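Here is my note on the model, set out as numbered points for you to follow alongside the sequence and the picture. Please keep both in view while reading.

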Amino acid sequence: MVAVLPEPPLLVPELATGAAAETAELRASCLAAGARLAAAAPRWIAVGADPGGRRTVPPSAWGSFIGYGVDVVAGLDTTGAGRDGPVDPRLPLPLLVAGWVAERAGARVSIRGELVAPDEPRAACAALGADLARECTADPGPVGLLVLGDGAAAHTERAPGHFDARAAPFDTAVSVALRDADGPALAALDADLAAALVVAGRAPWRVLAAAAAGREWRGELLHSSAPFGVAYHVAVWTPR
């Protein structure tokens, strides 16, 4: 099973403060997707983008949202095994969100992080996706794939990328691809345009496209909005 989430720190109510009401529906959709993924698999692989580039982060990792203003701790293992090692204040945002969603959704899961660079080449993303597909196929137990990343950050003048008229059609295409479980459409997203629109999800979505290749999927788009000029998409893919 696959869950696709955005990664805004505003998902965390302690960080949202005055924007908690505006993000309530988004938050509920993310937690619903996390709960469904947890019901399907006790082990997750979380794929996200980070400027630190390609690396694997073990389930023992713990981090904090302190860099975003509040010391809310999130770990990648919510099975109750206990914290192993210090809290990393620089744990990448996609993994912080993965751990926070798992905990808030009441999931008892072990999460391994797989990070790529925001500008990771298409071939490298495809290779990682293919490797993950093989791993999941070989695993005797169910594995959930959690893919994290925001859409275009250019829907309003106050957005990080300021207003760009290309943001709306770009995110419409993303939402349709996620709704229809259309991996080839995700793989075909223009990397240069995504960079210009400050899209955090382009590389993780490309990994998803390769990981999902060769199977039939049923897609559900649970949420799609751009409340602060940044597009947030939530979707679930289940095998047919």
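1. In this predicted model, helix α4 (residues 122-138) packs against α8 at an angle of about 45°, with the two axes 7 Å apart. Angles from 65 to 115 degrees would count as roughly perpendicular and those under 35 degrees as roughly parallel, and the two helices are therefore described as oblique to each other. The crossing in which α4 passes α8 is right-handed.

2. Which residues bring these two helices together? On the α4 side they are R122, C125, A126, L128, G129, A130, L132 and A133, and they meet R202, A203, R206, V207, A210 and A211 of α8. Sorted by class, this contact of α4 with α8 holds 10 nonpolar residues, 1 polar residue and 3 charged residues.

3. Is helix α8 itself mostly covered or mostly open? The helix, which spans residues 202-212, is mostly covered, since 11 of its 11 residues are buried. Among these buried residues are W205 and L208, and also the arginines R202 and R206. After α8 comes G214, a residue with a positive phi near 90°.

4. Turning to the interior, the largest nonpolar core has 39 residues, and within it L5, W44, F65, W100 and L146 touch the most other members. The elements that each give two or more residues to this core include the strands β1 (2-5), β2 (43-49) and β8 (143-148), as well as the helix α2 (24-40). Helix α3 supplies the largest share, namely 8 residues. In soluble globular proteins, nonpolar side chains tend to be buried together.

5. L146 is a useful residue to look at in the picture: leaving aside residues up to four places away in sequence, L146 touches A3, L5, L37, W44, I45, A46, V47 and A98. There is also a second, separate core of 36 residues, which includes V4, L145, A194 and V199.

6. Two residues deserve a careful check of their backbone angles. Most residues other than glycine have a negative phi. H162, however, has a positive phi near 60° and is not a glycine, and this residue lies in the loop between β8 and α5 (167-179). A181 is likewise not a glycine and has a positive phi of about 50°; the place of A181 is the loop between α5 and α6 (183-187).

7. Are these two residues buried or exposed? With a relative accessible area of 48%, H162 is partly exposed. A181 has a relative accessibility of 15% and therefore counts as buried, because the cut-off for buried is under 20%.

Notes:
Residues numbered from 1 in each chain as written. Predicted model: local features only at pLDDT ≥ 70, side-chain atom pairs only at ≥ 80, totals over all residues. Heavy atoms only, no water. Buried < 20%, exposed > 50% of the residue type's maximum accessible area, 1.4 Å probe, protein only. Helix = DSSP H or I, 4+ residues; strand = E, 2+ residues; numbered from the N terminus. Axes fitted to C-alpha atoms, helices over the stretch in contact; angles between N-to-C directions. Parallel < 35°, antiparallel > 145°, perpendicular 65-115°, else oblique. Left-handed = near helix turned anticlockwise from the far one by under 90°. Contact = heavy atoms within 4.5 Å. Nonpolar A, V, L, I, M, F, W, Y, C, P; charged D, E, K, R; others polar. Core = buried A, V, L, I, M, F, W, Y, C linked by side-chain atoms within 4.5 Å.
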